[in-house]
Amino acid sequence: MSLLTVGSVAFDALETPFGKTDKIIGGSATYITLSASYFTKPNNLVAVVGDDFPQSMIDIFHEHGVDTQGLEIRNGEKTFFWSGKYHNDMNTRDTVEVQLNVMEHFDPVIPEAHRHSEFLMLGNTSPAIQKKVIERMAVRPKLIMLDTMNLWIDIALDDLREVLTMVDVITVNDEEARQLSGQYSLVKAAAAIQAMGPETVIIKKGEHGALLFHGPSIFFAPALPLEDVFDPTGAGDTFAGGFIGYLASTGDVSFNNMKRGLIYGSAMASFCVEKFGAERLFNLSTDEINERVAKFVKLSAFEIV
Ligand code: AMP
């Protein structure tokens, strides 16, 4: 089934304990669409970049079957820029610099052909933009999923609360879940966020896996213990792309299928962190993805005697 992703397409500069990059391609929608491309088609992208954005990256989107007719290129303007520095544990990071550039006046135009997409992924952008996108769909998608971050909880809480009443699934990390709900216990936090609108709350815990709360039911997916983690940037978006891409490929939004989606999303995130930026998502094979999913199954399978 069709998926539409709206979010940032960006230049990032990253620093982890393993090294530093200058401007590389990043952005929430970049990671989401590349990850989802391994599962579903049509895979539609709506975002904005400046005329400094390289055609070679647009070619990579096309090689992955991403429909970029909704990628607006603004002449004479610069692409959104974000830089971040990770702490030694790689689970926490500081934003060093943000240059909004084209994102400052982003008013998403959804091509006619995308307005009937059955699955909608609202990647990290301002809640006001996320709301506009929902309102601009021709029909209410079968499933709307939203990702957000601490910045929006800090500066746009009212807008965020409003858009939360319109979505089915939210993904946040544990810190954001606590900040949004005012609850320390993640079980209480999830219940408080469910009461704000979304029936399904996914709480990402970095290298400690992810929790899925669906109505009263709970499921947990571990993260794969990896020997080398170079750069966690985009892991959350890659996870979201794998999750919603898998759901869209099956058209099934039941709790049982969301459990599988959680594992596919976690498997995709485990690839993402192995290289800087989104590079590891450029050339994956279905066999590699299936092998990784099998490792997840093995990781926590056991028998009770
Ligand atoms: P993640 O590591 O999954 O949280 O996502 C990192 C990506 O989010 C980076 O590639 C950034 O370009 C992007 N990003 C960071 N801050 C923002 C923001 N305020 N709005 C949109 N995208 C952002």
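In this predicted model, strand 13 and strand 14 run antiparallel to each other and are joined by five bridges. Across this pair, Ala-210 stands opposite Ala-221 of strand 14. The two strands form a hairpin with two residues between them, and in that hairpin Gly-215 adopts a positive phi near 55°. On its other flank, strand 13 (residues 210-214) pairs with strand 12 (residues 200-204), again in the antiparallel sense and over five bridges, and here Ala-210 serves as the bridge partner of Lys-204. Strand 12 and strand 13 also make a hairpin, with five residues between them, and the turn contains Gly-206 with a positive phi of about 55°. Ala-210 thus appears in both pairings, opposite Ala-221 in strand 14 and as partner of Lys-204.

The burial of strand 13 can be followed residue by residue. Five of its five residues are buried, with Ala-210, Leu-212 and His-214 on one side and Leu-211 and Phe-213 on the other, and both faces of the strand are therefore covered, given that buried means under 20% relative accessible area. The division into two sets follows a general pattern: in a regular strand, side chains alternate between the two faces of the sheet.

These strands belong to an open sheet of nine strands, whose order is 6-5-1-9-10-11-12-13-14 and whose pairing is mixed. Strand 6 (66-74) and strand 14 (217-221) stand at the edges, and because each has a single partner strand, one side of each is left without a neighbour in the sheet. On average, neighbouring strands of the sheet are turned by 15° against each other when direction is ignored. At the edge formed by strand 6, the pairing is with strand 5 (residues 43-50), and in contrast to the antiparallel hairpins described above, this pairing is parallel, over seven bridges. One of the residue pairs that can be traced there is Gly-50 with its bridge partner Arg-74 in strand 6.

Leading from strand 5 back toward the N terminus, the chain passes through the loop between helix 1 and strand 5, where Pro-42 is found. The peptide bond from Lys-41 to Pro-42 is cis, with omega near -10°. Most peptide bonds are trans, and most residues other than glycine have a negative phi. Helix 1 itself (residues 28-36) is mostly covered, since nine of its nine residues are buried. Among these buried residues are Tyr-31, Ile-32 and Leu-34, together with the hydroxyl-free Ala-29 and Ala-36.A second backbone detail lies in the loop between strand 8 (93-99) and strand 9 (119-122), where Asn-101 is found. Asn-101 has a positive phi of about 45° although it is not a glycine, and it is partly exposed, with a relative accessible area of 25%.

The loop between strand 14 and helix 8 contains Thr-233, which is buried, with a relative accessible area of 4%. The side chain of Thr-233 makes a polar contact of 2.7 Å with the side chain of Tyr-86.

The ligand is surrounded by 18 residues, of which the closest are Ser-8, Asp-12, Gly-27, Gly-234 and Asp-237. Strand 2 (10-16), helix 4 (150-155) and helix 8 (235-250) each supply at least two residues of this shell, and the largest share, three residues, comes from helix 8. In character, the shell divides into eight nonpolar, seven polar and three charged residues. Several contacts reach oxygen atoms of the ligand: an N or O atom in the side chain of Asp-237 lies 2.7 Å from one, an N or O atom in the side chain of Arg-93 lies 2.9 Å from one, and a backbone N or O atom of Gly-236 lies 3.4 Å from one. On its own the ligand has 510 Å² of accessible area, and the protein covers 91% of it.

Helix 10 (residues 286-299) holds Lys-295, which is partly exposed, with a relative accessible area of 48%. Lys-295 and Met-103 are 192 residues apart along the chain, and their C-alpha atoms are separated by 39 Å.

Key: Residues numbered from 1 in each chain as written. Predicted model: local features only at pLDDT ≥ 70, side-chain atom pairs only at ≥ 80, totals over all residues. Heavy atoms only, no water. Near = heavy atom within 4 Å. Polar contact = N/O pair within 3.5 Å; in protein donor to acceptor, adjacent residues only side chain to side chain. Areas by Shrake-Rupley, 256 points an atom, 1.4 Å probe, with all protein chains shown as cover. Helix = DSSP H or I, 4+ residues; strand = E, 2+ residues; numbered from the N terminus. Nonpolar A, V, L, I, M, F, W, Y, C, P; charged D, E, K, R; others polar. Buried < 20%, exposed > 50% of the residue type's maximum accessible area, 1.4 Å probe, protein only. Pairing = 2+ DSSP bridges. Axes fitted to C-alpha atoms, helices over the stretch in contact; angles between N-to-C directions.
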